[in-house]
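Me: I should like a close look at a single part of this model, taken together with its surroundings. Please give one connected account.

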Amino acid sequence: MFFSLGLVVSQMTISSKIYGFLNVKGLSDGTWDPTLACVMGGGLVVSFASYQFVKGFNVFKVSPHI
């Protein structure tokens, strides 16, 4: 539900936005749309942060308090 809401809020359900990202020929003439990469990067940050709370998956090891 949160994922689909995020896609709607960021307007990634509009096909022209997705085509603008996938059209890498637009890099040369300046029409490439990097907004989908920003949305994916935001999802990566949220996923990385939330996995820190799953036992055994945390990347940053914290010594237990005695």
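The part I have in mind is Trp-32: is this residue buried or exposed, or does it fall in between? Please also describe which ring it pairs with, and then follow the neighbouring residue Asp-33 and its contacts.

Reply: Trp-32 counts as partly exposed in this predicted model, because its relative accessibility is 28%, and the partly exposed class runs between 20% and 50%. A search for aromatic pairs gives a count of one. That pair consists of Phe-21 and Trp-32, whose ring centres lie 5.7 Å apart. The planes of the two rings stand at 35 degrees, so the pair is classed as tilted; the stacked class would require an angle under 30 degrees. Phe-21 belongs to helix 2, whereas Trp-32 sits in the loop between helix 3 and helix 4, so the pair ties together parts that are 11 residues apart in sequence. The two partners differ in burial: Phe-21 counts as buried, at 16% relative accessibility, while Trp-32 counts as partly exposed, at 28%.

Asp-33 is located in the loop between helix 3, residues 26–29, and helix 4, residues 35–51. Asp-33 is buried because its relative accessible area is 16%, and the limit for that class is under 20%. When residues up to four places away in sequence are not counted, Asp-33 touches Lys-17, Gly-20 and Phe-21. Phe-21 is therefore both a contact of Asp-33 and the ring partner of Trp-32.

The contact between Asp-33 and Lys-17 is also a salt bridge, with the closest N and O atoms 3.7 Å apart. This pair links distant parts of the chain: Lys-17 is in helix 2, residues 15–22, Asp-33 is in the loop between helix 3 and helix 4, and the two are 16 residues apart. Both Asp-33 and Lys-17 are buried. A search of the whole structure finds one salt bridge. The side chain of Asp-33 has a further partner in the side chain of Thr-35, which it meets in a polar contact of 3.1 Å.

The wider chain gives the setting for these contacts. The protein chain contains four helices and zero strands, and its pattern along the sequence is α-α-α-α. Of its 66 residues, 12% are buried. The chain exposes about 5,700 Å², of which carbon and sulfur atoms supply 73%.

Helix 1 offers a contrast with the buried Asp-33. Among the eight residues of helix 1, the count of buried residues is zero, and the helix is hardly covered. Val-9 is in helix 1, which spans residues 2–9, and is exposed because its relative accessible area is 64%. Together with Met-1, Phe-2 and Leu-5, Val-9 makes a nonpolar surface patch of about 560 Å².

Gln-11 follows helix 1 and lies in the loop between helix 1 and helix 2. Although Gln-11 is not a glycine, its phi is positive, at about 60 degrees. Gln-11 is partly exposed, with a relative accessible area of 43%.

To return to the part requested, Trp-32 forms a tilted ring pair with Phe-21, and Asp-33 forms a salt bridge with Lys-17. Phe-21 lies in helix 2, as does Lys-17.

Note on methods: Residues numbered from 1 in each chain as written. Predicted model: local features only at pLDDT ≥ 70, side-chain atom pairs only at ≥ 80, totals over all residues. Heavy atoms only, no water. Buried < 20%, exposed > 50% of the residue type's maximum accessible area, 1.4 Å probe, protein only. Polar contact = N/O pair within 3.5 Å; in protein donor to acceptor, adjacent residues only side chain to side chain. Contact = heavy atoms within 4.5 Å. Areas by Shrake-Rupley, 256 points an atom, 1.4 Å probe, with all protein chains shown as cover. Salt bridge = Lys/Arg side-chain N within 4 Å of Asp/Glu carboxyl O. Patch = residues over 30% accessible without salt bridge, like charges linked within 9 Å, V, L, I, M, F, W, Y side chains within 5 Å. Phe/Tyr/Trp six-rings, centres within 6.5 Å; stacked < 30°, edge-to-face > 60°.
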